[in-house]
Amino acid sequence: MAWRGLLSKNLKELRILLCQSSPSSSSTRTFIEKNYKDLKTLNPKLPILIRECNGIEPQLWARYEMLDFACADVSQAFDWFMVELDFGVERGVRLEGLSETQISKALEELGKVGASLKG
């Protein structure tokens with residue numbers, strides 16, 4: 001899983017949104033419990049924000065510096081959505097119904113997007 005150590009080179013910020021108690025966020029909570037320490041150790045300067053809110057749908061968001069998404073070629077296996085902002089581009093994926101392994105794969109794909117933007 002060498003890609004984990006490259007997240008700080010490919011992302012400007014990583015945000016995970018989840019509910020503290022809902023069943024739809026259970027895999028996301030477990031993913032954080034098992035992976036946060038490793039991700040932060042490998043990417044000490046990358047902001048990894050955990051946002052908890054009662055009843056929210058679990059989501060994973062990556063913020064990139066580049067604005068050109070035309071060159072991004074990623075898997076269509078996840079339910080992606082994108083937002084352009086003045087300070088970059090954010091891409092998100094809905095995590096409801098995904099397993100820990102699928103959440104990890106979604107994070108890997110978000111990292112690949114960032115790498116492709118640097119072209």
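# Reading the labels on this fold

Me: What makes R4 count as buried?
Reply: In this predicted model, R4 has a relative accessibility of 4%. Buried means under 20%, so R4 earns the label at 4%.

Me: Happy with that. Why is D38 called partly exposed?
Reply: The relative accessible area of D38 is 35%. Partly exposed covers the range between 20% and 50%, and D38 belongs there because of its 35%.

Me: How do you know that D38 and R4 form a salt bridge?
Reply: Their closest N and O atoms are 3.5 Å apart. A salt bridge asks for a Lys or Arg side-chain nitrogen within 4 Å of an Asp or Glu carboxyl oxygen, so the pair passes at 3.5 Å. D38 sits in helix α2 (residues 26-42), while R4 belongs to the segment before α1 (7-10), so this bridge ties together parts that are 34 residues apart in sequence.

Me: What makes E90 and R15 a salt bridge?
Reply: Here the closest N and O atoms are 2.9 Å apart, and the limit is 4 Å, so the pair qualifies. The pair links distant parts of the chain, with E90 in strand β5 and R15 in strand β1 (residues 13-18), 75 residues apart.

Me: Why can the side chains of E90 and R15 also be said to make a polar contact?
Reply: That contact is 2.9 Å. A polar contact needs N or O atoms within 3.5 Å, so 2.9 Å meets the cut-off.

Me: Is E90 buried or exposed?
Reply: E90 is buried: its relative accessible area is 8%, and the threshold for buried is under 20%. R15 is buried too.

Me: What makes strand β5 mostly covered?
Reply: The description rests on a count: six of the seven residues in β5 (residues 88-94) are buried.

Me: How do you know that β3 and β5 pair?
Reply: Six bridges join strand β3 (residues 59-64) to β5, and the two run antiparallel. Pairing takes at least two bridges, so six are enough. As one position to look at, A62 stands opposite R91 in β5.

Me: Which other salt bridge involves R94?
Reply: The side chain of R94 meets that of E57, at 3.4 Å from N to O. R94 lies in strand β5 and E57 in the loop between β2 (48-52) and β3, so the bridge ties together parts that are 37 residues apart in sequence. Relative accessibility is 33% for R94 and 28% for E57; partly exposed lies between 20% and 50%, so both residues fit that class. Elsewhere, salt bridges that share partners join E13, R15, R63 and E90 into one network.

Me: How many salt bridges does a search of the whole structure find?
Reply: It finds nine.

Me: How many disulfides does a search of the whole structure find, and why?
Reply: It finds zero. The sulfur of C19 is 7.7 Å from the closest cysteine sulfur, in C53, and a disulfide needs the sulfurs within 2.5 Å, so the gap is too far for a bond. C53 is likewise in no disulfide, its nearest cysteine sulfur being that of C19.

Me: Are C19 and C53 buried or exposed?
Reply: C19 is buried at 1%, because buried means under 20%. C53 has 40% relative accessibility and counts as partly exposed.

Me: What makes the span of helix α3 close to that expected?
Reply: Helix α3 (residues 100-117) has 18 residues and reaches 26 Å from first C-alpha to last. At 1.5 Å a residue, the expectation is 26 Å. The buried residues of α3 include I103, L107, L110 and V113.

Me: Where is S99, and why is S99 called partly exposed?
Reply: S99 is in the loop between β5 and α3. Its relative accessibility is 31%, between the 20% and 50% cut-offs, so S99 is partly exposed. From C-alpha to C-alpha, S99 and T28 are 8.0 Å apart in space, although 71 residues separate them in sequence.

Me: And what of the protein as a whole?
Reply: The protein has three helices and five strands, running α-β-α-β-β-β-β-α from the N terminus. Of its 119 residues, 46% count as buried. Among contacts between residues at least 6 apart in sequence, 72% join residues at least 24 apart.

Conventions: Residues numbered from 1 in each chain as written. Predicted model: local features only at pLDDT ≥ 70, side-chain atom pairs only at ≥ 80, totals over all residues. Heavy atoms only, no water. Buried < 20%, exposed > 50% of the residue type's maximum accessible area, 1.4 Å probe, protein only. Helix = DSSP H or I, 4+ residues; strand = E, 2+ residues; numbered from the N terminus. Expected span 1.5 Å × (residues − 1). Polar contact = N/O pair within 3.5 Å; in protein donor to acceptor, adjacent residues only side chain to side chain. Contact = heavy atoms within 4.5 Å.
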